[in-house]
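Welcome! Below are a few short exercises, each followed by a solution in steps. Take a look at the chain first, then work along.

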Amino acid sequence: MAANKSYDLPMGEKYMLTIIELWGLNVQTEVEFKKLRPTDFPMTTPLFLLRCVQLGISIRDLALLTIGLVNDMYAENGNDDYKGYKELATQEDFDRF
């Protein structure tokens with residue numbers, strides 16, 4: 001709290017400095033990463049663009065999407081071929097819900 005000694009700042013900025021300082025005290029500094037398996041590849045620009053092409057996303061469409069959304073779409077695309085669902089909900093099931 002010693003860093004917040006600027007008394008000429010507007011009240012909102014004083015609170016913001018205090019919040020930032022307190023947040024910095026709570027941030028975990030030592031992070032353990034999972035061990036990479038041979039199937040885990042780092043996300044590179046070419047890999048990201050390849051995923052976009054596989055999903056049919058154009059460069060113009062990328063202006064409207066985030067990287068996380070594209071990654072989620074790619075993961076869900078992989079789930080489309082899964083045949084292990086035992087039953088599908090019907091309209092009657094939704095009505096009862």
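A residue is called exposed when its relative accessible area is over 50%, buried when that area is under 20%, and partly exposed in between. Keep in mind that this is a predicted model.

**Exercise 1.** Find out which secondary structure the chain has, and what share of its residues is buried.

*Solution.*
Step 1: Count the elements, and you arrive at 5 helices and 0 strands.
Step 2: Follow the sequence from start to end, and the pattern reads α-α-α-α-α.
Step 3: Turn to burial: of the 97 residues in the chain, 9% are buried.
Step 4: Look at contacts between residues at least 6 apart in sequence; 3% of these join residues at least 24 apart.
Step 5: Finish with the surface, where the accessible area of the chain comes to about 9,300 Å². Carbon and sulfur atoms account for 61% of that.

**Exercise 2.** Work out how E92, D93 and R96 are linked.

*Solution.*
Step 1: Recall the cut-off: a salt bridge needs a side-chain nitrogen of Lys or Arg within 4 Å of a carboxyl oxygen of Asp or Glu.
Step 2: Try E92 with R96. Their closest N and O atoms are 3.4 Å apart, and the pair forms a salt bridge.
Step 3: Try D93 with R96. Here the closest N and O atoms are 2.3 Å apart, and this pair forms a salt bridge too.
Step 4: Check the spacing. E92 and R96 lie 4 residues apart in helix α5 (residues 91–96), so about one helical turn separates them. R96 and D93 are 3 residues apart in helix α5, which again means about one helical turn.
Step 5: Put the pairs together: the three residues are linked in a network of salt bridges, and the count comes to 2 salt bridges.

**Exercise 3.** Decide for E92, R96 and D93 whether each is exposed or partly exposed.

*Solution.*
Step 1: E92 and R96 are both exposed.
Step 2: For R96 the relative accessible area is 59%, so R96 counts as exposed.
Step 3: For D93 the value is 24%, so D93 is partly exposed.

**Exercise 4.** Is R51 buried or exposed, and which residues does R51 contact beyond its neighbours within four places in sequence?

*Solution.*
Step 1: Locate R51 in helix α2 (residues 45–55).
Step 2: Its relative accessible area is 19%, so R51 is buried.
Step 3: Set aside the neighbours within four places in sequence; R51 is then in contact with M43, N71 and Y74.

**Exercise 5.** Identify which residues form the negative patch and which form the nonpolar patch on the surface.

*Solution.*
Step 1: The negative patch is made up of D72, E76, D80 and D81. One of these, E76, belongs to helix α4 (residues 67–79).
Step 2: The nonpolar patch consists of Y82, Y85 and L88, which together have about 420 Å² of accessible area.
Step 3: Place Y82 in the loop between α4 and α5.

Terms used: Residues numbered from 1 in each chain as written. Predicted model: local features only at pLDDT ≥ 70, side-chain atom pairs only at ≥ 80, totals over all residues. Heavy atoms only, no water. Patch = residues over 30% accessible without salt bridge, like charges linked within 9 Å, V, L, I, M, F, W, Y side chains within 5 Å. Areas by Shrake-Rupley, 256 points an atom, 1.4 Å probe, with all protein chains shown as cover. Lys, Arg positive; Asp, Glu negative; His and termini not counted. Charge placed at Lys NZ, Arg CZ, Asp CG, Glu CD. Helix = DSSP H or I, 4+ residues; strand = E, 2+ residues; numbered from the N terminus. Buried < 20%, exposed > 50% of the residue type's maximum accessible area, 1.4 Å probe, protein only. Contact = heavy atoms within 4.5 Å.
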